[in-house]
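Got your viewer open? Let's take a short walk through this model, one selection at a time.

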Amino acid sequence: MRKLGIVMLLTIVGACNSTKNKENTTPKEMVSENPDRVYFKAIGTEPFWGVEISNNQIKYTTPEDPEGILFPPTKPVRVMDANIKTYQSKSKAGEIKITITYGKCSDGMSDMEHDYSVTVALKKAGEAAFKDLRGCGNYIVDYRLHDIWALEEMEGQKISDSDFNKRPFMEIKAREATFGGVAGCNRMFGKLFSEQELLRFTNVGLTRMACDKMANEAKFIKALESSTAYEIKNNRLYLSNPDGLKLVFKKVD
């Protein structure tokens, strides 16, 4: 019975993945094929259900109805001083309310760990009351970030090779939500925290070599850690925060 449940669960979660990757893919590792479409996925058990949120629509599915129920897109309502968002939408098919809360979550069937708890209140057309569902979910890391990026600008200033012992670069692995590279002298590594248009570089670690241009390395790491938003255009990655543009990287092969 447990094996059958896991198969059904993976069917919901893996709908947008290729057959080649489906067997070895977990929800946290999934990368959206189109960054303008699905940016959050959630799953639930007992009963089995799935939710996909995109810029185009909100889609609710079950194993019995893989085509799902569609709702128009909506902006989330955010809770002050907490990482909680609520999406509420109506259509001819019914009404849905989705609440996403940051915090570790287990789906109870596959032993997969997720970063968000999800509650869904669903009322189909013709039904008198909402049905409450619980599950887990993750934001989908933009696949376009998956590449190697070399630093071009820092705090509004063009940089040259002479500004660092080695020009900073980083390799972002979208599936694993991790990054690594060189910060100018030391090797660096860390994790990505992604929520739709938000991108944070967290858990940054460095080796401990000493070089003669450490001040610029420290400035670079500070700018990287303070970045909260990103934009990709013309083969460049722009990292910024409310204070302005912090870093510009160029895509390298």
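Before we start, one term: a polar contact here is a pair of N or O atoms within 3.5 Å, where, within protein, one must be able to donate a hydrogen and the other to accept it. Keep in mind, too, that this is a predicted model.

First stop: select S226, which sits in helix α3, residues 214–226. Show its side chain and you'll find that it reaches the backbone oxygen of A223 at 3.0 Å. Is S226 buried, exposed or partly exposed? It is partly exposed, because its relative accessible area is 26%, and that label covers values from 20% to 50%.

Now add N241 and K246 to the selection: S226 touches both, leaving aside residues up to four places away in sequence. Pick L239 as well; L239 and S226 are 13 residues apart in sequence, and their C-alpha atoms are 9.2 Å apart in space.

Next, zoom out to the open sheet. Nine strands make it up, in the order β5-β4-β3-β2-β10-β9-β8-β7-β6, with antiparallel pairing. Colour β5 (65–71) and β6 (77–78) to mark the edges, as each pairs on one side only.

Inside that sheet, select β9 (residues 113–124) and β10 (residues 131–139), an antiparallel pair with seven bridges. Click V120 and look across to β10: its bridge partner is L133.

Last stop: β16 (residues 187–195) and β17 (residues 198–206), antiparallel over seven bridges. Opposite M188 you'll see L206 in β17. These two strands form a hairpin with two residues between them. Finish on Q196 in the turn, where phi is positive, about 50 degrees.

Technical notes: Residues are numbered from 1 along each chain as its sequence is written. This is a predicted model: local features need pLDDT of at least 70, side-chain atom pairs count only at pLDDT 80 or more; totals for chains, interfaces and linings use all residues. Side-chain values use heavy atoms; hydrogens and water are left out. Two strands pair if DSSP finds at least two bridges between them. Helices (H or I, at least four residues) and strands (E, at least two) are DSSP runs, numbered from the N terminus. Buried means under 20% relative accessible area, exposed over 50%, partly exposed in between (1.4 Å probe, protein chains only). Contact means heavy atoms within 4.5 Å.
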